[in-house]
Amino acid sequence: MGFIYGDILSREDYVNNVVSMVKDCAKNSKPTTFAIDGKWGQGKTWLIDKIEAKLKNLDISKNYTKDEYEKAPSEYFIVHYNAWEKDYYEEPLLAILSTIVNELNKQLCINNVLKTIALNLGKEALVQLEIVLSMVSKKLLHFDIVDFTKNTIKGIKKLRKQSKIELETKNPNNDIENDIKNVISILIKLSKSTPIIFIVDELDRCIPNFAIKTLERLHHIFDSVPNSVTILAIHKEQLSRSIDKLYGNGASSQYLKKFIDFKIILNEGNLDEEEAYKKLTVFSKKFSIGIEETQGKQLVNEIISSLIPREFENIIDRAILCHNLVDTDTAEFPYECMLAEIIIQTFWIIAEKEGNTFNISPENGNTPTTNVGKIIKEYFKKHIKQNTSLAGDGIIAYIIALVLEYNCNHAALEADNAELYQQLTDFYNRYKFYFKAIRTV
């Protein structure tokens with residue numbers, strides 16, 4: 001485990017390496033843009049937050065408040081731009097400029113953030129950028145957005161409630177090239193004394209037009225700004241689909257090369273057994289105490305190792321939800337019941353990965369293509385027909401068979417422990433309804 005606060009996936013080395021790379025790029029007179037490519041749920045936002053924290057010299061082995069985070073000094077001018085939160089603008093230049101102005105305002109309020117020369121330059125840059133932002137907003141929106149947000153307590157919130165800040169139809173072809181040149185000129189001056197780090201998150205969640213416009217605006221602005229690094233946290237596959245939708249299939253590869261110098265693959269990290277079982281603490285309190293080294297527990301460990309952490313978290317969340325909806329005290333239920341419910345919830349993930357072709361029936365000859373699918377299939381072949389005792393794996397096999405409606409030797413199980421058999425049957429017949437309903441969402 002790393003020393004990073006909240007680092008349950010052992011990503012310390014990865015974070016440190018990316019931070020070192022950013023610092024090296026910031027020393028280069030040539031501007032650099034690179035992408036951190038990862039699917040949704042793999043922790044892109046967590047990662048860039050930690051990168052930013054390290055660049056602000058925060059001790060990331062500790063937690064910190066939002067106020068402490070924003071007031072932390074840095075030798076870099078760092079701008080964190082959430083594209084999805086800003087897509088209520090039709091023209092991304094407004095959103096980008098507003099974010100830069102707001103961040104510069106914050107930084108200049110922090111004592112000793114920059115050297116004296118950089119501090120003075122920062123004040124000058126802020127004034128100039130606000131002038132440009134006022135001009136652009138008047139041109140596109142027909143009102144001064146700087147004046148509006150300064151004199152209206154909830155200005156931005158009110159703007160956002162309008163759903164989309166659209167350009168005036170009587171000025172559809174506003175020429176903003178000169179405005180962009182002015183922004184570039186100001187940022188070049190600033191970058192000579194303070195390297196600029198522009199971090200972009202959630203770009204792949206934006207509507208296609210806005211995402212592409214944002215890429216183009218960022219390229220136009222920062223491609224001429226030395227000592228600047230633009231970091232794009234994206235899911236390249238999703239972003240490529242947006243580009244292909246507008247420009248035709250296959251266009252995205254060449255298109256993205258114009259804007260991105262290189263990409264790095266997001267390290268998914270590793271959720272080790274100890275950390276995984278910490279997440280089960282709350283759930284386990286609903287069952288009798290005692291964790292046995294059963295085949296079922298080994299199976300859960302194999303499931304954990306074959307899924308990305310967010311998928312495993314979703315499985316636990318869904319298992320707890322279904323269990324709570326039945327609303328029956330299960331404090332006397334064996335711990336194996338919890339393992340069975342986790343295994344059952346795994347089917348939702350498997351079906352998605354296998355394209356809804358997965359069948360766990362031992363008699364079915366289909367061969368899963370995913371690792372987690374193969375693990376579950378082998379478990380059923382081995383256990384679902386063999387257990388005739390309500391102990392250990394027998395409980396797990398019975399619950400799974402009952403909920404998923406596969407045949408099991410009910411008579412032998414009932415004879416083994418009639419009272420427990422009836423309790424499990426009553427509970428999991430009700431559980432079955434919620435499992436089927438929720439897994440279709």
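Here is a short walk through this predicted model, one selection at a time.

**Start with the whole chain**

Show everything as a cartoon. The secondary structure comes to 20 helices and five strands. The chain has 441 residues, and 52% of them count as buried. Now think about who touches whom: among contacts between residues at least 6 apart in sequence, 75% join residues at least 24 apart. If you turn on the surface, you are looking at about 21,300 Å² of exposed area, with carbon and sulfur atoms supplying 48% of it.

**Colour by confidence**

Next, colour by pLDDT. The chain averages 79, and 81% of the residues score at least 70. Select residues 162–173: pLDDT stays under 50 across this stretch. Even so, the model gives residues 162–173 23 contacts beyond four places in sequence.

**A greasy spot on α5**

Select V127, I131 and M135. Together these residues make a nonpolar surface patch of about 270 Å². I131 belongs to helix α5, which covers residues 116–141. Is I131 buried or exposed? Neither quite fits: I131 counts as partly exposed, because its relative accessibility is 47% and the partly exposed class runs between 20% and 50%.

**A serine tucked into α10**

Jump to S242, in helix α10 (residues 236–247). S242 counts as buried, with a relative accessibility of 7%. What does S242 touch once you ignore residues up to four places away in sequence? Select P208 and I212, and you have its contacts.

**Two salt bridges to compare**

The structure holds eight salt bridges. Begin with K56 and E52, whose side chains meet at 3.3 Å, N to O. K56 has 5% relative accessibility, so it counts as buried. E52 is buried as well, with a relative accessible area of 3%. Here, then, is a charged pair with both partners buried.

Now select R205 and E202, another salt bridge, at 3.4 Å from N to O. E202 counts as buried at 17% relative accessibility, whereas R205 counts as partly exposed at 39%.

**Last stop: E405 and its lysines**

Select E405, in the loop between α18 (393–404) and α19 (410–416). Which residues does E405 contact, leaving aside its neighbours within four places in sequence? They are I400, K432 and K436.

Zoom in on K436. E405 forms a salt bridge with K436, and the closest N and O atoms are 2.9 Å apart. Why is this pair worth a look in the cartoon view? E405 sits in the loop between α18 and α19 while K436 is in helix α20 (residues 418–438), so the pair ties together parts that are 31 residues apart in sequence. The side chains of E405 and K436 are also joined by a polar contact of 2.9 Å. As for exposure, K436 counts as partly exposed, at 37% relative accessibility.

Add K432 to the selection: E405, K432 and K436 are linked in a network of salt bridges. Before you leave, draw a distance between the C-alpha atoms of E405 and N429. You should get 10.0 Å, for two residues 24 apart along the chain.

Conventions:
Residues numbered from 1 in each chain as written. Predicted model: local features only at pLDDT ≥ 70, side-chain atom pairs only at ≥ 80, totals over all residues. Heavy atoms only, no water. pLDDT = per-residue confidence, 0-100. Contact = heavy atoms within 4.5 Å. Patch = residues over 30% accessible without salt bridge, like charges linked within 9 Å, V, L, I, M, F, W, Y side chains within 5 Å. Areas by Shrake-Rupley, 256 points an atom, 1.4 Å probe, with all protein chains shown as cover. Salt bridge = Lys/Arg side-chain N within 4 Å of Asp/Glu carboxyl O. Helix = DSSP H or I, 4+ residues; strand = E, 2+ residues; numbered from the N terminus. Buried < 20%, exposed > 50% of the residue type's maximum accessible area, 1.4 Å probe, protein only. Polar contact = N/O pair within 3.5 Å; in protein donor to acceptor, adjacent residues only side chain to side chain.
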